[in-house]
Amino acid sequence: MSLMQQRHYEFLADNVAPLLGWPTQIDRMADELAATNPKFNRDKFIQRAVAAWEKANPMEPLDDHIPY
């Protein structure tokens, strides 16, 4: 079985991670990927994936104003 290359991890971080429902799921994804390759840089992957997720899923401003 051949190991995934850096370009594969970059693709997952840039294109698949933004599709996840919440960025905490990126940790689970990183755990699964780390189990497949001992050279996998988990921290680098998480940083890139979270940045891609935040770009694709901007948080709306919180309007907690009570009009009375």
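**Asn-37 and the helices around it**

Asn-37 is found in the loop between α2 and α3. In this predicted model, Asn-37 has a relative accessible area of 7%, and because the threshold for burial is under 20%, Asn-37 counts as buried. Two polar partners can be named for its side chain. One is the side chain of Tyr-9, with which Asn-37 makes a polar contact at 3.4 Å. The other is the backbone nitrogen of Lys-39, which lies 2.9 Å from a polar atom of the Asn-37 side chain. When neighbours within four places in sequence are left aside, Asn-37 is in contact with Leu-3, Met-4 and Tyr-9.

Tyr-9 leads to helix α1, which spans residues 6-16 and in which Tyr-9, Leu-12 and Ala-13 are buried. These three residues cover an arc of only 95° around the axis, and therefore lie on the same side of α1. The general geometry is familiar: an α-helix has 3.6 residues a turn, so residues three or four places apart point the same way. The cover over the buried residues of α1 includes α2 (25-34) and α3 (42-56).

The largest nonpolar core has 13 residues, and those touching the most other members are Ile-26, Leu-33, Phe-40, Phe-45 and Ala-49. Helices α1, α2 and α3 are the elements that give two or more residues to this core. In soluble globular proteins, nonpolar side chains tend to be buried together. Leu-33 illustrates the contacts involved: not counting residues up to four places away in sequence, Leu-33 touches Met-4, Tyr-9, Leu-12, Phe-40 and Phe-45. Tyr-9 and Met-4 thus recur, since both are also in contact with Asn-37.

Technical notes: Residues numbered from 1 in each chain as written. Predicted model: local features only at pLDDT ≥ 70, side-chain atom pairs only at ≥ 80, totals over all residues. Heavy atoms only, no water. Buried < 20%, exposed > 50% of the residue type's maximum accessible area, 1.4 Å probe, protein only. Helix = DSSP H or I, 4+ residues; strand = E, 2+ residues; numbered from the N terminus. Arc of directions from axis to C-beta. Contact = heavy atoms within 4.5 Å. Polar contact = N/O pair within 3.5 Å; in protein donor to acceptor, adjacent residues only side chain to side chain. Core = buried A, V, L, I, M, F, W, Y, C linked by side-chain atoms within 4.5 Å.
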